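Trainee: Before we talk about this one, could you put the sequence and the model on the screen?

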Amino acid sequence: METRVLAPETSAAAAELADGLTPLILILNETEAGVAQRLSRKGHYIYVALGPNSEAPDSARRLAKPTRNQLQQVLERMGLEYGQAQNLSLDAGRSLAVLRRLMPAAPGSRPSWSIPQPPRPMLGALLAGGWLETLDGDKAVIEQLAGVPYEEAVRALGPYATALDGPLRKREDAWRLKSPRDAWTLLAHSLTAPDIDRFLSVYCEVCAEIDPTWDMAPDERWLAPIRNIHPRFSSFLKQSMTETMALLSLYGDRAGLVDGVEAKVARSLTTILDGATEAIWWSLGPVLPKLAEVAPSAFLGGIERALGPTPSPLIAFFEPETSTHTVTRLPQLMWALERLAWDPALLPRVADVLARLDALDGGGNNVARPKQVLTTIFLSWSPQTHATLKQRLAVIDGLRKRHGDIAWDLMISLLPRSHAITMPTSSPHWRKAAPTDREASPETVVHDCVVEVSDRLIEDVGNRPKRWKALLKAMELLLPDARAGIGQKLLEAEPTIIGEEDRDFTRTALRKVLARHLEFQDADWSIPADELTVFQTTLERFKPEDVLWRHAWLFSNGTGWMGSVREWRQSLDEATAARAAAFEEIVEVRGIDGALALLDRCDQPRWVGEAVAHSPAAASWRSDFIERGLASDDGPLWQAAAEAIGLLREKEGGADFVTRLLPAPAPQLDERVVGRLLHFLPARPETWSAVAAYGLSSEDRYWRTLAGWAVAETKEETEHAIRRFNVVDRARDSLHLIGSRLEVDLDPKLIVETLHLALKTMNQASEDTNEPVMRLHYLTRILAHLENHPEVSDETLVLLEWYYFHMLRYSERPSPALHRELARNPDFFLQVLTMVFLRDDDGGGADEDLPGGPATPEQRAAMARHGYDVLDAWNRIPGADDKGRIDGAELERWVTEVRRRASELGRSLPADLRIGRILGMSAKPAGEVWPPIAIREILESAGSETLEDAFVSGAYSSRGVITRDLREGGRKERTLSDRYRDHSSAMASDYPVTARLLNDIADIYDGRAKREDDEVEERSWH
């Protein structure tokens, strides 16, 4: 089939093919009249390509332009490399004719529009590249480059946009060169020196503009389009003109009438960057990736000079990330440097710039940082540069001399790790640097990189504890020879690491590594025990003389406990025994001061408290230690004392434990001490009696601080605790207690009472970040429990769901009783409607219409907001059961009653709006004609444009959240449009109003489909 497809370029060539015996498939451009018919009569199959300005017959077919992705896939199947296919598909501008001209192996003919001398406006468009005619700044640029008023320029450009293979494309308010590279090749010969000088001057002016969003708060810049804040020149224009700068630099020789174009471009770029302020650098952010390719050396020179002063203007790219909405332009700067890093000749300068930028970086999580980019570029198993390993190592050696700490972190990050991932960096579009030398196999490169980097790490580690920690942690990634070298190096460095803190830091790092590998000797990643011997010897040398430094690590987590057994329970017992022995040694030398000092050096105070409770040596000062802890703030000392008290109570027991420990409130002990002690008694009635004996103040403190989980799980004791919590304004905590104890059949009246009380504190912040999650979980459980309780009325449940509506709205139980009541009870629906909307007739709102009578403006506003949200979330069709089946008679009764009474109340308009919306949001089961007959009957008889419009809006908005491929356009919307038109056709005869509304919905989806198609088209321009 393909051998019979031909595309003759002229009518004469087509006529020569006509006399062949074999029928051909001929694809013609617009030809002389009658040619296609004559060829067809001779048995050939003819396709005629008609341009957008042709008078195409109704039978003509419009072929969709191939997407950029489709072109790239076809080119790759033809054997082109990924990068070449990507660039060609991008430069082709979705035009097969342009693609043919750009491919050296298949050059196309010169288009007719490129043969005569182009007018000045076309040369201006060639230099501008693209612009928006809605911005006066963009139009002024075209006027300057074209040398004529904008309207005259547009008239001259029209034929170039409508020609079959024209160089320009226009969509709505945007003009764009279809393919800048193709247009430049065909038209650049007509440019003169004044044209280029004028362009460079205008480009410098455009780049000198400060983006007005610079003056906005970083986390509010995303609101700029909403607030109608935009620069004078569009980003589209800046991007397009920057592409022209790249074309001038690379293909300036095509402008045969001008000399030294590349040098002029480089000087202009230097002028733009030198002396640029923070605001200018930030404003240039969107064009930096393309600007880097214009004149790489000049670009890097500008950045290097900008890094000189203090503070550097490049600090603009490192604004703190105060929220996820913070708009930063650091990614664009990183992309620019990533593109240049592909060139081996530029890599040393790029690496140096990234290292210097890292010194400005205050850190962040939302975007890649300079240090991350540096690592990605140098990865041995996926380098993002054409530099060879030898060249990359030479660059790293340069960083070691100038930026030692950055180089150290880089070398550590280059060691290959299991399950590591990376992402490709930004690659150059205009300047393609090829590898200078052929690399060995990837496995060999990774091996050689590990060897070379290991040698450099051992050489640079010195006696710096933080470097030793990183190197020891990375040992399992190294080869045995390197590990042996590290062991020897550490032995030699041990005497030079001075200061107890530095030695302790290094010792802890070494101990953790040893513990990890000795515990898991059977793991693939574990270092063999014989290789660890030298490190064990070194660990002994690090042992301190001071008893506290020697043992404090035992009382912290993750410091490298090395037990003699693998079974975790036995290992825990062994560690506990080791802590007890160490504690005995500490307090034997230092007494209570040793225990207090130990708390300053550990992160597990409870282990210190455990030792205090069990240590015979602590018996003489244990009470003193506990009293100090009871009187202290909520810090390590209190945590240790609390652990000691708990263990002593376990050990000694007895209901009189606290009274034996504290027979009566001593004058020197404040109420907090007493309250803390009382919490060590079981939360039972006998304890509460003892609490009452200490007086109202202590009792109040007790109930304010008692943890709900400590209360015994019986009905009587739980209800008593709930009532006491409610008295001291802890109703919100009562909800947690109720939600976790529903199985004990708590009094429903107490539950309802608590729910009402909890409303007062529901919006208070909580220190526990998990508390709001559990609060909502328990609230939904409680309401579900009440819904099925025979003693709780529907009215009570509806009222509770009304109060808790905003909490429940997006929960697993979004107020079903409230939705049912709105769909069942016209009185309730109208009551809410009256809260929200003023009267239709006079724009006022009589307070007597409101539930409860007159209200203040503030009360009315609050009620209106709450009621509006309830109506907005309402999702149950009147007359529908729990499965969505609609009783037509009940629906008609509800609608009729609501519309009649809403008219009496002067609220017909909002009533019809809400009725239409809820009908439009009804379920749309697959395979069934929609809407159901009951809803069709309402629509046919309502006679309300407002209700009909709301029905259309409700149907459209009920679609919900969708996802789409960036290249698919409006495919999903066209599918929905077809579905609604099919429904319309199915009922057009019996239900004409409903059919018309369904067609209106389909029209909306058709419009949305076109917008999505246009967005795909627009994205292909960049």
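Mentor: One term first: a helix here is a DSSP run of H or I with at least four residues, a strand is an E run of at least two, and both are numbered from the N terminus. Also keep in mind that this is a predicted model.

Trainee: Then where does Asp745 lie?

Mentor: Asp745 sits in the loop between helix 36 (731–740) and helix 37 (748–758). Its phi is near 60 degrees, which is positive in a residue other than glycine.

Trainee: What makes Asp745 count as partly exposed?

Mentor: Buried is under 20% relative accessible area and exposed is over 50%, with partly exposed in between. Asp745 comes to 47% relative accessibility, so partly exposed is the right label.

Trainee: And why does His419 count as exposed?

Mentor: The cut-off for exposed is over 50%. His419 has 80% relative accessibility, so it counts as exposed. His419 has a positive phi too, about 65 degrees, although it is not a glycine. You'll find His419 in the loop between helix 20 (404–413) and helix 21 (442–460).

Trainee: Staying with the backbone, what makes the bond between Thr310 and Pro311 a cis peptide bond?

Mentor: Look at omega: for the bond joining Thr310 and Pro311 it is about 0 degrees, and the bond is cis. Pro311 belongs to the loop between helix 15 (296–306) and helix 16 (330–341). A cis peptide bond also joins Trp930 and Pro931, again with omega about 0 degrees. Pro931 is in the loop between helix 45 (908–920) and helix 46 (933–942).

Trainee: How do you know that the protein chain is more spread out than a compact globule?

Mentor: Start with what it is built from: 49 helices and 6 strands. The globule rule gives 31 Å for 1022 residues, but the radius of gyration is 39 Å, well over that, so the chain is more spread out than a compact globule. Along the principal axes, the C-alpha atoms fill a box of roughly 115 × 90 × 55 Å. As for burial, 49% of the 1022 residues count as buried.

Trainee: There's an open sheet of 3 strands; why do strand 4 (130–132) and strand 5 (168–171) stand at the edges?

Mentor: The order is 4-6-5, with antiparallel pairing. Strand 4 and strand 5 have a single partner strand each, so one side of each is left without a neighbour in the sheet. Neighbouring strands there are turned by 10 degrees against each other on average, direction ignored.

Trainee: How do you know that strand 5 and strand 6 (residues 174–177) pair?

Mentor: Two strands pair if DSSP finds at least two bridges between them. Strand 5 and strand 6 have 4 bridges, in the antiparallel sense. Within this pair, Leu168 stands opposite Leu177, and Lys170 stands opposite Trp175. The two strands form a hairpin with 2 residues between them, and Glu172 in that turn has a positive phi of about 55 degrees.

Trainee: Moving on to empty space, which residues lie nearest the centre of the second largest pocket?

Mentor: Those are Arg68, Gln86, Asn87, Leu90 and His429, out of 47 lining residues. The pocket has a volume of about 1600 Å³. Several elements give two or more residues to its lining, including helix 3 (68–77), strand 6 and helix 49 (992–1019). Helix 4 gives the most, with 8 residues. By residue type, the lining divides into 15 nonpolar, 19 polar and 13 charged.

Trainee: What about cavities: how many of 30 Å³ or more are there?

Mentor: The count comes to 1. The largest cavity has a volume of about 40 Å³, which puts it past the 30 Å³ cut-off used in that count. What sets a cavity apart from a pocket is that a 1.4 Å probe fits but cannot get out.

Trainee: And what lines the largest cavity?

Mentor: The lining is made up of Val98, Arg101, Trp113, Asp165, Gly166, Pro167, Lys178, Ser179, Asp182 and Ala183. Helix 5 (96–102) and helix 9 (180–187) are the elements that give two or more residues. That lining divides into 4 nonpolar, 2 polar and 4 charged. Gly counts among the polar ones by this rule.

Key. Residues are numbered from 1 along each chain as its sequence is written. This is a predicted model: local features need pLDDT of at least 70, side-chain atom pairs count only at pLDDT 80 or more; totals for chains, interfaces and linings use all residues. Side-chain values use heavy atoms; hydrogens and water are left out. Buried means under 20% relative accessible area, exposed over 50%, partly exposed in between (1.4 Å probe, protein chains only). Axes are lines fitted to C-alpha atoms, for helices over the stretch in contact, and angles run from 0 to 180 degrees between N-to-C directions. On a 1 Å grid over the protein atoms alone, a cavity is a set of points where a 1.4 Å probe fits but cannot get out, and a pocket is an open set with protein on both sides within 12 Å along at least five of seven lines; lining residues have an atom within 4 Å of a point. Grid points are joined across faces, edges and corners, and a volume is the space filled by probe spheres set on the points. The radius of gyration is taken over C-alpha atoms; the globule rule is 2.2 Å times the number of residues to the power 0.38.
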